[in-house]
Amino acid sequence: MKVLIIGASRGIGLEFVRQYRQEGADVTATARDDASLERLRALGAGAFKLDVTDASSSAGLAWQIEGAAFDVVVINAGVMGPRHTGLEPPTEADFDHVMHTNVLGPMWLLPQLKDVVAPGGRLAVISSRMGSVSLRTAPNAWLYRASKAALNSVLKDTSLALQGRAICVAFHPGWVRTDMGGDGADLPVATSVKDLRSTLQRLGPADNGGFFNHDGALLSW
């Protein structure tokens with residue numbers, strides 16, 4: 001199995017690499033700094049530098065993976081941004097950082113990825129239940145919520161473009177104990193990623209374009 005993990009410096013992305021390598025998969029992963037790249041290589045992954053907020057760095061993805069045929073592609077890169085509790089206006093800098101990372105980055109990368117997903121392969125973006133419009137019950141972190149709602153839209157369009165070739169889905173990984181989720185979160189990162197990998201494996205063509213919880217439960221947009 002050939003796997004590509006984008007955004008594997010730490011947390012969920014790094015755990016994807018660790019688990020897939022433990023199963024013997026051929027893993028390629030990206031990170032933004034040299035220390036993270038060395039950590040990925042120590043796990044046996046091929047690794048190269050990629051900053052999804054930088055246009056020239058993102059444009060260089062295509063030649064790094066040219067000719068590959070990945071069975072699994074996961075776009076994990078993302079940021080939380082300000083943790084507003086109500087309708088607090090974000091600064092322009094915060095808006096640009098969150099939207100560039102969580103939305104524009106995937107929109108730069110997905111056109112380059114569509115030709116390297118193997119026929120019948122799976123492509124996933126790590127989104128969040130917080131991006132669901134119908135499921136939300138509080139206005140906290142509204143910039144992050146807006147970015148994940150936009151990412152879900154981007155994923156849906158990708159699923160239509162790749163329909164019949166690959167299965168494309170958005171995932172809520174759960175509330176995970178990572179730097180973003182914090183120490184009080186519900187799930188260990190290893191459990192979340194184990195669930196995500198299991199769900200990815202059992203998806204079928206009818207699931208293309210869906211939004212799923214880590215355990216496979218279908219979520220409403």
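Below is a chat about the fold and the aromatic pairs of a predicted model.

User: Hi! What does the secondary structure of the protein chain come to?
Analyst: Hello! In this predicted model, the protein chain has seven helices and seven strands. Along the sequence they follow the pattern β-α-β-α-β-α-α-β-α-β-α-β-α-β.

User: And what radius of gyration does the chain have, next to that of a compact globule?
Analyst: The protein chain has 16 Å, which agrees with the value near 17 Å for a compact globule of 221 residues. Along the principal axes, its C-alpha atoms fill a box of roughly 45 × 40 × 30 Å.

User: How many of the residues are buried, as a percentage?
Analyst: Buried residues come to 51% of the 221. The chain exposes about 10000 Å², with carbon and sulfur atoms supplying 54% of that area.

User: What share of the contacts is between residues 24 or more positions apart?
Analyst: Among contacts with a separation of 6 or more, such residues account for 65%.

User: Switching to rings: how many aromatic pairs are there?
Analyst: The count is two aromatic pairs, taking ring centres within 6.5 Å as the cut-off. In one of them, the rings of Phe-16 and Tyr-20 have centres 6.1 Å apart and planes at 15°, so this pair is stacked.

User: Where do Phe-16 and Tyr-20 sit in the chain?
Analyst: Both belong to helix 1 (residues 11-22), and because they are four residues apart there, about one helical turn separates them.

User: Are those two buried or exposed?
Analyst: Phe-16 is buried, at 0% relative accessible area. Tyr-20 counts as buried too, with 4% relative accessibility.

User: What about Phe-211 and Trp-221?
Analyst: They form a stacked aromatic pair, 5.1 Å centre to centre with 15° between the planes. This pair links distant parts of the chain: Phe-211 lies in strand 7 (residues 211-213), while Trp-221 is ten residues away in the segment after strand 7.

User: Buried or exposed, for Phe-211 and for Trp-221?
Analyst: Phe-211 counts as buried at 1% relative accessibility, whereas Trp-221 is partly exposed at 35%.

User: Back to Tyr-20 for a second. Which residue has its charged end over that ring?
Analyst: That's Arg-197, whose charged end sits over the Tyr-20 ring, 4.6 Å from the ring centre.

User: Last topic: where is Thr-28 found, and what is it in contact with?
Analyst: Thr-28 is in strand 2 (residues 26-31). Thr-28 has a relative accessible area of 16%, so it falls under the 20% cut-off and is buried. Setting aside neighbours within four places in sequence, Thr-28 is in contact with Val-3, Leu-4, Ile-5, Gly-46, Phe-48 and Phe-70.

Terms used
Residues are numbered from 1 along each chain as its sequence is written. This is a predicted model: local features need pLDDT of at least 70, side-chain atom pairs count only at pLDDT 80 or more; totals for chains, interfaces and linings use all residues. Side-chain values use heavy atoms; hydrogens and water are left out. Rings of Phe, Tyr and Trp (its six-membered ring) pair if their centres lie within 6.5 Å; planes under 30 degrees apart count as stacked, over 60 as edge-to-face and the rest as tilted. Helices (H or I, at least four residues) and strands (E, at least two) are DSSP runs, numbered from the N terminus. Buried means under 20% relative accessible area, exposed over 50%, partly exposed in between (1.4 Å probe, protein chains only). A charge sits over a ring if NZ of Lys or CZ of Arg is within 6 Å of the ring centre and within 35 degrees of the ring normal. Contact means heavy atoms within 4.5 Å. The radius of gyration is taken over C-alpha atoms; the globule rule is 2.2 Å times the number of residues to the power 0.38. Accessible areas come from the Shrake-Rupley method with a 1.4 Å probe; for residues, only the protein chains shown count as cover.
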